[in-house]
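This report looks at one chain as a whole and then at a single position within it. Please keep the sequence and the structure in view while reading.

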Amino acid sequence: MDMAPLKVLFVCKGNHARSIMAESIMRRLPGGKFTVFSAGSQPRAEINPFVVRLLTSLNHDLTGLAPKSWDDFARPGSPDLDFVFTLSETAANAVPPPWPGNPMTALWTLPDPAAHEGDDVQKALAFADAYRMLNNRISVFASLPLATLQGMALQHRLDAIGRDMGRTDPAERDNAA
């Protein structure tokens with residue numbers, strides 16, 4: 001029996017770096033198992049240029065990728081969400097809109113590459129590192145037996161994915177996004 005695609009939303013503050021990368025990574029997964037979106041509590045006007053360069057270099061399709069407000073996903077007619085993953089402490093500390101569909105949520109924070117200081121090479125490495133972490137987490141999530149995990153067992157797994165790295169100072173992660 002085929003399941004309908006699960007709807008996943010990645011959120012952060014600016015929706016111009018981490019959540020855009022996460023959306024792009026998950027969109028490339030084979031099998032049509034997921035419909036994926038991204039949004040921000042305070043979305044920026046455009047995608048960070050380092051993200052555009054990185055995703056383009058990795059042959060991601062950038063069609064349709066753009067910063068959006070998380071309020072767009074709480075309006076009438078918005079898709080019923082199955083999962084919402086928060087990637088930044090700033091977004092985690094903001095009051096989100098009521099998500100339609102009563103989704104499972106998890107905090108998957110990671111350092112904000114847009115907050116990284118240094119030359120362009122160092123910044124590009126910070127974005128590549130964020131991409132690697134997101135790719136690893138999304139791969140683990142996508143491999144979960146979602147049809148058989150429920151309730152607290154599933155929530156425990158989602159939370160564990162977000163704890164795969166030590167947390168650093170939230171100010172270090174979220175200054176730029």
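Buried residues, meaning those under 20% relative accessible area with a 1.4 Å probe and protein chains only, make up 47% of the 177 residues in the chain. This is a predicted model, in which local features need pLDDT of at least 70 and side-chain atom pairs count only at pLDDT 80 or more, while totals for chains, interfaces and linings use all residues. Residues are numbered from 1 along each chain as its sequence is written, and side-chain values use heavy atoms, with hydrogens and water left out.

The pLDDT, the predictor's confidence in each residue from 0 to 100, averages 89 over the chain, and 91% of the residues score at least 70. Over residues 166-177, however, pLDDT stays under 50. Where pLDDT is low, the predicted coordinates should not be read in detail.

The chain holds 6 helices and 4 strands, taken as DSSP runs (helices H or I, at least four residues; strands E, at least two) numbered from the N terminus.

| Property of the chain | Value |
|---|---|
| C-alpha box along the principal axes | roughly 50 × 35 × 30 Å |
| Exposed area | about 8,800 Å² |
| Carbon and sulfur share of the exposed area | 53% |

Within helix α4 (residues 120-143) lies Ile138, which is buried, with a relative accessible area of 1%. Not counting residues up to four places away in sequence, Ile138 touches Phe10, Ala22, Ile25, Met26, Leu29 and Trp108, where contact means heavy atoms within 4.5 Å. Of these partners, Leu29 is 109 residues from Ile138 in sequence, and the two are 9.3 Å apart in space, C-alpha to C-alpha.

Conventions
Buried < 20%, exposed > 50% of the residue type's maximum accessible area, 1.4 Å probe, protein only. Areas by Shrake-Rupley, 256 points an atom, 1.4 Å probe, with all protein chains shown as cover.
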